[in-house]
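Here are a few exercises to work through at your own pace. Keep the sequence and the 3D view open, and try each task before reading its solution.

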Amino acid sequence: MEQNVSQIYTSLGRLTLNSPVTIASGTFALENLDFMAQDYLGAYVCKTITRYPKKGNPPPRLFETEAGLLNSIGLQNPGLDKFINDDLPILRETLTTPLIVSFSGSSLNEFKLMLESLEQNEGIDGYELNVSCPNVENEGIAFGVDPEIVYKLCALLAPLTNRELIIKLSPNVTDIAVIAKAAEDGGATSISLINTIWGMAIDIQSGKSMLKKGIGGYSGIGIKPLALALTYRAAKAVDIPIIAMGGIYSWQDALEFFWAGASAVALGTANFIDPLAVPKVYEGIDNFLRERNCTLNEIIGKCEV
Amino acid sequence: MDKLKPQFLERAIYSREELCGDYFILWIWDEELGKKCQPGQFFEIRAHYSIENAEETRSLPKLFKPISIYDNAEGRIGFFIKKVGYGTNALSKLKAGDLLELIGPLGNGFPIVSGKKILLVSGGIGYPPLWYLQKRLIKHNLIYWVHGGSNQCDVFPCDEVWTEDGSLGKMGMVTEGVRSLIMEKKINLIYSCGPIPMLKECARIALELEIEHYCSLEAYMACGIGVCYGCAVPIGNTEDWNYLRVCKEGPVFNAKEVLWNRM
């Protein structure tokens with residue numbers, strides 16, 4: 001009997017991933033590996049680090065809507081030094097899959113300083129520049145919506161590293177294609193999208209917002225069509241690989257994103273819904289490709305309209 | 001002892017108990033799991049369904065709900081639940097034989113002591129974790145348990161009952177009697193679980209009388225395992241504090257370390 005061997009590895013700009021399934025920053029940590037083998041993960045993306053420790057936003061920080069999740073965590077993290085000294089050695093020790101460090105700066109120079117510090121450490125395979133967190137005022141998002149700043153940021157950082165340089169884009173923009181192109185022109189080696197969408201929920205009895213901050217980031221199943229459309233548009237605009245995310249829960253969801261032009265997908269909210277979401281999505285893609293006797297590359301970006 | 005890792009399990013519901021109002025209890029039976037549980041710990045639980053079948057069942061995938069352990073008699077584990085939203089509503093429809101998805105046990109339990117005069121203070125759905133706790137404490141401590149609710153459907157077996165509408169027991173807020181009980185019963189340790197204003201008032205009294213006080217906090221959670229930081233609460237002192245996770249560093253905290261004014 002002929003055995004079909006699916007080719008489920010995928011390529012980013014500089015990294016080859018053994019699985020096209022990764023995770024969205026802040027939704028997956030080493031604790032998740034109590035439930036699943038890391039072999040299913042193409043890469044491990046850590047929670048976003050900032051230069052100095054960040055307490056995060058006041059609670060309540062979460063609210064589950066009819067279709068997806070609102071959050072306003074506010075990039076709570078221990079800061080760059082503590083990450084490098086305490087967290088990085090543990091990650092290096094534990095991970096066999098590539099490590100992508102997600103980080104965010106409040107200025108071009110701070111991004112540069114952070115990258116220079118991280119460059120001095122072994123065991124990091126790539127970076128994800130978070131310029132799109134909707135929960136941090138005057139940081140992040142201001143960067144992500146301006147193509148000129150996105151270009152400058154990528155152009156500033158690209159010459160400083162030989163590692164994968166991913167920039168994570170915001171959906172809260174007028175034209176994702178322009179921003180994606182600016183990232184590519186600046187020297188990003190791949191693009192991840194989308195970060196969360198602005199969202200809100202209000203208690204009808206009291207009139208109080210469900211999140212302490214009022215507006216938060218909306219993720220999960222409800223944002224999938226939007227994420228898919230932006231993936232499609234961005235993929236048409238650039239040649240660099242795209243890591244797509246936004247409401248992907250199942251392998252069927254993931255396949256839509258590959259057809260739309262994603263080279264890899266990331267699960268976010270799905271990790272909270274099902275601790276086995278990553279292996280299930282991986283297995284589903286693998287089975288699909290085996291049954292059709294084709295490779296992932298034969299699907300990526302081949303959506304017909 | 002190393003902290004035991006939580007497990008992701010599916011277990012059939014062994015039996016179900018109806019209580020007054022919106023309250024009900026789901027029981028599962030797993031002896032091995034029972035050995036890992038401590039009073040104050042919780043599970044993330046959910047009515048079984050699968051993402052793959054979401055299309056067929058027309059049901060959108062939803063988060064697990066954090067539910068504390070109500071009872072654990074050699075693996076006969078009870079979840080005492082109040083119907084409040086989508087998740088608990090789905091749980092309320094389950095019957096014996098239906099599958100429950102569980103992640104746990106999670107979080108840190110209450111400190112277990114001996115030779116103390118203990119006051120338990122609970123409000124509404126804060127009752128269940130203290131039931132499991134008192135079972136563990138009762139042989140080696142003197143315990144007095146006071147519980148309050150808005151009406152007679154919100155009260156459960158204990159030593160002293162308060163209702164806001166006066167429909168059962170004393171009328172008023174449960175915290176009204178706490179100060180005199182501490183004096184009268186020479187209380188030297190308090191455990192509490194319930195709504196934030198109740199915990200805050202208990203904490204104020206305990207601090208003033210210099211009584212040790214542990215409270216179990218409730219928070220909205222996405223993951224329950226320490227990943228998302230959605231359930232964070234302010235812990236420390238006014239000069240030096242941080243948001244700690246109810247699911248990982250909690251749900252039990254020393255009440256004097258909780259920054260109640262920031263809650």
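The exercises below go from the contact between the chains to sheets, domains and a single residue.

This is a predicted model, in which local features need pLDDT of at least 70, side-chain atom pairs count only at pLDDT 80 or more, and totals for chains, interfaces and linings use all residues. Residues are numbered from 1 along each chain as its sequence is written, while chains are lettered from A and ligands numbered from 1 in the order in which they are written.

**Exercise 1. Describe the side of chain A that touches chain B.**

Step 1: Start with the residues in contact (C-beta atoms, placed from the backbone, within 7 Å). Chain A brings 29 residues to the contact and chain B brings 25 residues.

Step 2: Assign them to elements, where helices (H or I, at least four residues) and strands (E, at least two) are DSSP runs numbered from the N terminus. On the chain A side, strand S6 (62–65), strand S7 (68–71) and helix H8 (269–273) each supply at least two residues. S6(A) gives the most, with three residues.

Step 3: Sort by residue class. Ala, Val, Leu, Ile, Met, Phe, Trp, Tyr, Cys and Pro count as nonpolar, Asp, Glu, Lys and Arg as charged, and the others, Gly among them, as polar. The chain A side then divides into 16 nonpolar, seven polar and six charged residues.

**Exercise 2. Lay out the open sheet of four strands in chain A.**

Step 1: Find the pairs, which need at least two DSSP bridges between two strands. S7(A) is joined to strand S13 (residues 216–219) of chain A by three bridges, running antiparallel. Strand S12 (residues 197–199) of chain A also pairs with S13(A) in the antiparallel sense, over three bridges.

Step 2: Check the register. Leu70(A) stands opposite Tyr218(A), Leu69(A) has Ser219(A) as its bridge partner, and Gly199(A) faces Gly216(A).

Step 3: Read off the order, S6-S7-S13-S12, with antiparallel pairing. S6 and S12 of chain A are the edge strands, each pairing on one side only.

Step 4: Add the twist, using axes fitted as lines to C-alpha atoms (for helices over the stretch in contact), with angles from 0 to 180 degrees between N-to-C directions. Direction ignored, neighbouring strands are turned by 35° against each other on average.

**Exercise 3. Why is one side of S2 and of S6 in chain B left without a neighbour in the sheet?**

Step 1: The open sheet has the order S2-S3-S7-S6 (chain B), with antiparallel pairing.

Step 2: Strand S2 (15–18) and strand S6 (71–73) of chain B stand at the edges with a single partner strand each, so one side of each has no neighbour in the sheet.

Step 3: For S2(B), four bridges lead to strand S3 (residues 23–29) of chain B; Glu18(B) is partnered there by Phe24(B).

**Exercise 4. How far apart are the C-alpha centres of the two domains of chain B?**

Step 1: Bounds from an automatic or database domain assignment give domain 1 (7–106) and domain 2 (117–222).

Step 2: Their C-alpha centres lie 25 Å apart. The contact takes 13 residues from domain 1 of chain B and 11 residues from domain 2 of chain B.

**Exercise 5. Is Gly123(B) buried or exposed?**

Step 1: Locate Gly123(B) in strand S9 (residues 117–123) of chain B.

Step 2: Count other C-beta atoms, placed from the backbone, within 10 Å: 20 or more means buried, 12 or fewer exposed, and in between partly exposed. Gly123(B) has 26 such neighbours, so Gly123(B) counts as buried.

Step 3: Among the residues that Gly123(B) touches are Gly148(B), Val174(B) and Met198(B).

Definitions and conventions
Two residues are in contact if their C-beta atoms, placed from the backbone, lie within 7 Å. Lists of a residue's contacts leave out its neighbours within four places in sequence.
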